[in-house]
Structure formats: C-alpha cells, structure tokens
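Hello,

Here is the structure I promised to pass on to you. Have a look at it first, and my notes follow below.

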Amino acid sequence: MDKNNIRLLITALVIILIFSACKTADVVISDDLSPAELVQRAQEATDRNRYNVALQYYKALHDRNRNNIDLIITAEYEIAFIHYKQKNYQQARSEFNSLLEYYNSPDAELLPQQFKVLANIVLQRMEEKENRRGFLFFK
C-alpha cells in the first residue's frame, strides 16, 4: 500500500471510531431499581454528559411511577432540562410549558414547587438568549 492509501484507511477508521463512540446504546434498566436509584443513576449519567443514558433513566422513572405525581413532575422537569442543556430549546420549551400546566390545577399547592420555579427560570433564560440573539442579528 502506498502512503495515500494508508492515510485514507486511517482516516476512514478514525471516522468510524468517532461515529461509533457517539452512538448511545439502550441501557438495560433493572426492574428492581427504586425511584431514588433511578434518579441517582440519571444524575450520574448527566454529570458525565451522557444525556441519552440519563434520559432513559428519567423515562423509566416516569413510566414506572404513573400514580406518583411528584415523581412524574421530577422526571418531566429533568427530561426538559436535559433537552435545554442539549440546546434543543424548542423541545425544552414545550416540555417546560407542559410541566407548568400541572400547576394550573386546584391541587397545585400540593405539588413540588421547586420545579415550577426552576422551569420558569429556564424559560426566562431561553427568552433572554433569543432576545439577545435577535438584537445582535438586527443590530
């Protein structure tokens, strides 16, 4: 093989390795994990920037606790926040607004209030970023 073919082969191998490293496989989540363990594992994945893994744990938390509004709100907030961190602002905005709908119910005072406060803060930050971007664009 000449040098050009070797370079081409090495380049192709590097590209394959990069793309295979980026792909996140589905996580096998044990059925016996408690809600606290699901949250802990999701937070650990988030701390390592493994957002797709964290999303799987939060979705499991959500799906396994359909009768626990506190856990549903926790999962939905964290999922929306991950989408915000991934700069998927349109999806995050939609998810935060859906989350805030829970707080329009007669029993809203019984819900975990920190997620209402945090969702509003993140929505405000997104709006400020968009306003700054619009200002710079039209300047």
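Beyond its neighbours within four places in sequence, Ile82 is in contact (heavy atoms within 4.5 Å) with Thr46, Tyr51, Ala54, Leu55 and Tyr58. Please keep in mind that this is a predicted model, where local features need pLDDT of at least 70, side-chain atom pairs count only at pLDDT 80 or more, and totals for chains, interfaces and linings use all residues. Residues are numbered from 1 along each chain as its sequence is written, and side-chain values use heavy atoms, with hydrogens and water left out.

Ile82 also appears in the largest nonpolar core, a set of buried (under 20% relative accessible area, 1.4 Å probe, protein chains only) Ala, Val, Leu, Ile, Met, Phe, Trp, Tyr and Cys residues joined through side-chain atoms within 4.5 Å. Of its 18 residues, Ile29, Leu38, Ala54, Tyr57, Tyr58, Leu61 and Ile82 touch the most other members. Two or more residues each come from α2 (35-47), α3 and α4 (helices are DSSP runs of H or I, at least four residues, numbered from the N terminus). The biggest contribution is the eight residues of α3. Tyr77, Leu99, Phe115 and Val122 are among the 17 residues of a second, separate core.

Now for a residue of helix α3, Lys59. Is Lys59 buried or partly exposed? Its relative accessibility is 43%, so Lys59 counts as partly exposed (between 20% and 50%). The C-alpha atoms of Lys59 and Leu38 are 9.5 Å apart, with their positions 21 residues apart along the chain.

Enjoy exploring!
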